[in-house]
Structure formats: C-alpha cells, structure tokens
Amino acid sequence: MIPVVDLRAEYLAVKAEIDAAVQRVLESGWYILGKEVAAFEAEFAAWCGVSAAVGVGNGTDALHIALRACGIGPGDEVITVAHTAVATAAAIALTGATPVFVDIDPATYTLDPERLTGAITPRTKAVIPVHLYGHPADLGKILPIAREAGLRVIEDCAQAHGAEWQGKRVGSIGDLACFSFYPTKNLGALGDGGAIVGNDPALLERVRLLREYGWKPENRYISEIEGMNSRLDEMQAAILRVKLAHLDGWNAHRRRLAAVYAAHLPNSVVKPVQRPGCRHVYHLYVIRSPQRDRLREKLRAAGVATGIHYPVPVHQQAAYGHLSPVSLPVTEQAAGEILSLPMHTTLSEEQIERVCVAVSEFGIRAS
Ligand SMILES: Cc1ncc(COP(=O)(O)O)c(C=O)c1O
C-alpha cells in the first residue's frame with residue numbers, strides 16, 4: 001500500500017541526528033522551556049523572516065493564545081473558513097469569541113475575499129486566513145479589507161511551513177501567525193508542538209505571558225495576567241531543530257512530486273493550482289472528482305491509500321453548527337469531492353506515477 005503519509009520513514013531518514021538530539025536533551029537535566037526551545041525559537045523566527053517565535057504546546061493553543069494576545073474574547077466575532085481543521089474554529093471558541101464562517105475560493109480552497117466584507121459586523125475583531133494544504137490564502141485582497149475595517153489578521157500556517165506570498169514566507173505577513181508541529185505537518189515534531197510568530201513586540205510579549213500563567217521570566221510564580229500553560233518541551237524543540245535544517249529540501253521534494261502528479265494525472269480529475277505570486281508547499285496534494293468515493297475505493301483496491309481533508313465542514317458539525325447558521329455552497333460541494341493523494345517526503349517519483357496510473361484507469365471525465 002502506498003500510504004498518504006509515512007512518519008516512520010521520515011524519522012528513519014534523519015534517525016542519527018534525531019537520536020543524538022534526544023540523547024542531548026535526556027542528559028541535559030532540563031526538559032521544559034530551556035536552551036533547545038530558545039534556540040529553536042530563534043532559528044524558526046529567522047527561517048520565517050520574523051523578529052520572534054514563541055514555542056507552545058500545539059497549533060490549537062497557538063491560535064488561542066494569539067487571539068487572546070490580540071484582546072479577543074467573549075462578545076467578539078472572528079471570521080474564518082469552515083473548510084479547515086476543526087482546530088481553527090475550536091481556538092476561536094475557546095477564547096469565548098464566536099467563529100463566523102465564510103465560503104472559500106473553489107480553486108485554492110482558501111478564504112474567498114469577496115465574502116469577507118459582507119461578514120464584518122461591529123463585533124468583528126479579527127480574521128484568520130488559513131493557508132490550507134500548503135497554498136497561501138489570498139492575502140493581497142484580505143489584508144486591505146481587514147486593515148480598512150480595523151481587524152487583526154492572524155495567519156493559520158499549520159499546513160504551510162515555507163509557503164510564500166509575494167516572495168515572503170507565510171507567517172511574516174499578518175499581525176501574528178500560528179504554526180502546528182503535529183507529526184504529519186511539513187515541519188513535524190515527534191509529539192505535539194506549536195509556535196506563534198510575529199514582528200510586533202507588544203503582541204509577542206503578551207503571547208509569552210499567556211503561554212505560562214502570565215509569568216515574566218524574571219518574576220516566576222507571579223501572574224501579571226491570566227495565562228495558561230502551553231509550553232513547548234525541550235525534546236520536541238531539539239527534534240524540530242534537526243528537522244528545520246531539512247525543511248527546505250523536503251519542501252522542494254514535495255514540489256517535485258506535485259509536478260509529477262500534474263504531468264501524469266488525467267484531466268478527469270481537478271488538480272491543485274498555484275496562484276501567481278504564490279509558492280505552494282503541498283502539505284497535502286488534494287484533487288477533486290464528482291466520483292470521489294468510487295475513485296477512492298478503486299485506489300484502495302489498487303494499493304493506494306487516500307485521505308479526505310475534511311469530510312464535514314466545521315459549520316455542519318454538531319459542536320459548531322449552531323454558531324453561524326449559514327449555507328456555504330462552495331465549501332459544501334468541495335467536502336463531497338476532495339481527495340488527498342499520497343504526499344510525503346520519502347515518496348518516490350515512481351510511486352507517484354503508479355498512483356497516477358491507478359487514477360487514470362478509473363477514467364471518469366470531470367463534470
Ligand atoms: C489548519 C490547521 N489549523 C490548526 C491546526 C491545529 O494544530 P494542532 O493539531 O497542533 O493543535 C491544524 C492541525 O491539526 C491545522 O491543520
């Protein structure tokens with residue numbers, strides 16, 4: 001079976017370096033928020049092109065903390081998409097604010113800027129564009145609308161480490177940006193992890209306070225503000241430092257694999273696009289077919305695993321359906337047609353060609 005992701009293979013590719021990093025931490029006697037986290041934060045900030053990064057427990061906490069650092073809480077509204085990991089909406093709801101969902105662009109699956117203005121109310125405080133699957137959201141249109149309305153822009157970069165918009169890495173553009181290092185991500189820990197990055201010293205200072213009970217490092221045990229506990233640990237930071245050094249190469253490999261897919265997939269399926277001025281990093285390689293479920297079954301029989309990211313849009317899930325009783329036709333249609341093909345750093349071009357043959361044999365014309 002060709003798997004959608006292969007975490008063990010990724011570990012084995014850099015095993016010696018990771019084992020050495022883990023051993024270094026084990027012997028250091030310091031396991032939470034220490035030298036490895038500080039070094040990773042500096043290296044990751046430089047890599048993103050921002051002034052600072054703050055390591056936290058996971059990507060959901062990163063979003064939650066970023067929102068709270070921007071002063072968002074009960075009574076506020078935050079605009080985002082329903083075609084995303086539920087984490088984006090969960091983080092908004094955790095602050096006490098209300099997620100407001102808008103529809104997506106059918107080609108990139110990211111927030112449709114044409115829907116943004118109509119969703120803004122006097123209670124709207126922020127917008128979270130999600131750079132889904134590794135493709136940047138349409139920041140060229142989203143940013144001016146948000147600025148005009150006085151909204152904060154918090155980028156959800158959980159699926160887009162190294163994606164670029166107008167030559168800048170995503171994460172360096174909004175007021176704050178949030179990353180997940182969940183193991184399957186382009187930069188994945190061997191456990192949970194996340195980070196908030198940005199350039200605004202005041203916001204970053206609040207982020208640091210919120211990460212650990214509102215404490216200042218020089219004044220531990222005294223809470224300046226009501227914070228939480230969401231710390232990146234030394235082991236994950238040391239592992240992330242190893243993997244960060246390989247990330248540009250891994251992203252280049254993902255892009256090569258995507259080019260092989262684009263060359264060999266039949267026109268009976270809709271392929272991902274890369275908009276002008278954008279650099280896609282193919283966290284997921286998502287195609288579309290009106291015959292998605294039959295195609296998926298055929299691929300499984302041919303030894304090709306696939307995924308669906310995501311099968312039920314957030315506004316149609318029991319937990320969040322009551323919040324924004326909207327109809328999102330583009331989102332709803334996409335959910336029934338999308339299919340994630342195998343995409344990971346240890347896949348070969350030959351394996352991609354095998355996947356393409358299996359898709360071609362299915363032979364359904366796109367409608
Ligand atoms: C778009 C998006 N946002 C947020 C998250 C949350 O990250 P985590 O799983 O690390 O909490 C994820 C990952 O699952 C994601 O894909």
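This note sets out, point by point, the sheets, one central strand, one residue and the ligand surroundings of a predicted model.

1. The seven-stranded sheet. The model contains an open sheet of 7 strands, in the order 1-9-8-5-4-2-3, with mixed pairing. Its edges are formed by strand 1 (52–56) and strand 3, each of which pairs on one side only. On average, and ignoring direction, neighbouring strands of this sheet are turned by 25° against each other. As general background, the strands of a sheet pair through backbone hydrogen bonds, in either a parallel or an antiparallel sense.

2. The strand 1 edge. Strand 1 runs antiparallel to strand 9 (residues 194–198), and 5 bridges join the two. Within this pairing, Val56 has Gly194 of strand 9 as its bridge partner. Helix 8 (residues 201–211) lies across strand 1, strand 8 (176–180) and strand 9, and runs at about 15° to strand 1.

3. Strand 2 and its neighbours. In the order of the sheet, strand 2 stands between strand 4 and strand 3. With strand 3 (residues 98–102), strand 2 pairs in the parallel sense over 5 bridges. With strand 4 (residues 124–127), strand 2 is also parallel, and 3 bridges join them. Ile79 takes part on both sides: Val100 stands opposite Ile79 in strand 3, while Val127 is the bridge partner of Ile79 in strand 4.

4. The connection from strand 2 to strand 3. Helix 5 (residues 86–94) joins with strand 2 and strand 3 in a β-α-β unit, and this unit is right-handed. Helix 5 appears again in point 7, where the ligand is described.

5. Burial along strand 2. How many residues of strand 2 (residues 77–81) are buried? The count is 5 of its 5 residues, and the strand is mostly covered. In a regular strand, side chains alternate between the two faces of the sheet. In strand 2, Glu77, Ile79 and Val81 point one way, and Val78 and Thr80 point the other way. Residues pointing in both directions are buried, Glu77 among them.

6. Val81 in detail. Val81 lies in strand 2. Why does Val81 count as buried? Val81 has 30 C-beta neighbours inside 10 Å, and therefore counts as buried, since the cut-off is 20 or more. Leaving aside residues up to four places away in sequence, Val81 touches Phe101, Val102, Ile104, Leu111 and Val130. Two of these contacts, Phe101 and Val102, fall within strand 3 (residues 98–102). The C-alpha atoms of Val81 and Leu116 are separated by 10 Å, although these residues stand 35 residues apart along the chain.

7. The ligand shell. The ligand is surrounded by 15 residues, of which Gly59, Thr60, Ala87, Ala158 and Ser180 are the closest. The elements giving two or more residues to this shell are helix 4 (59–69) and helix 5. By class, the shell comprises 5 nonpolar, 8 polar and 2 charged residues.

8. The three-stranded sheet. A further open sheet has 3 strands in the order 7-6-10, with antiparallel pairing. Strand 7 (168–169) and strand 10 (278–279) are the edge strands, and each pairs on one side only. Strand 6 (residues 164–165) runs antiparallel to strand 10, and 2 bridges join them. In this pairing, Trp165 stands opposite Cys278 of strand 10.

Terms used
Residues numbered from 1 in each chain as written. Predicted model: local features only at pLDDT ≥ 70, side-chain atom pairs only at ≥ 80, totals over all residues. Buried ≥ 20, exposed ≤ 12 C-beta atoms within 10 Å, placed from the backbone. Helix = DSSP H or I, 4+ residues; strand = E, 2+ residues; numbered from the N terminus. Pairing = 2+ DSSP bridges. Right-handed = clockwise from strand over helix to strand, strands pointing away. Near = placed C-beta within 6 Å. Nonpolar A, V, L, I, M, F, W, Y, C, P; charged D, E, K, R; others polar. Axes fitted to C-alpha atoms, helices over the stretch in contact; angles between N-to-C directions. Contact = placed C-beta atoms within 7 Å.
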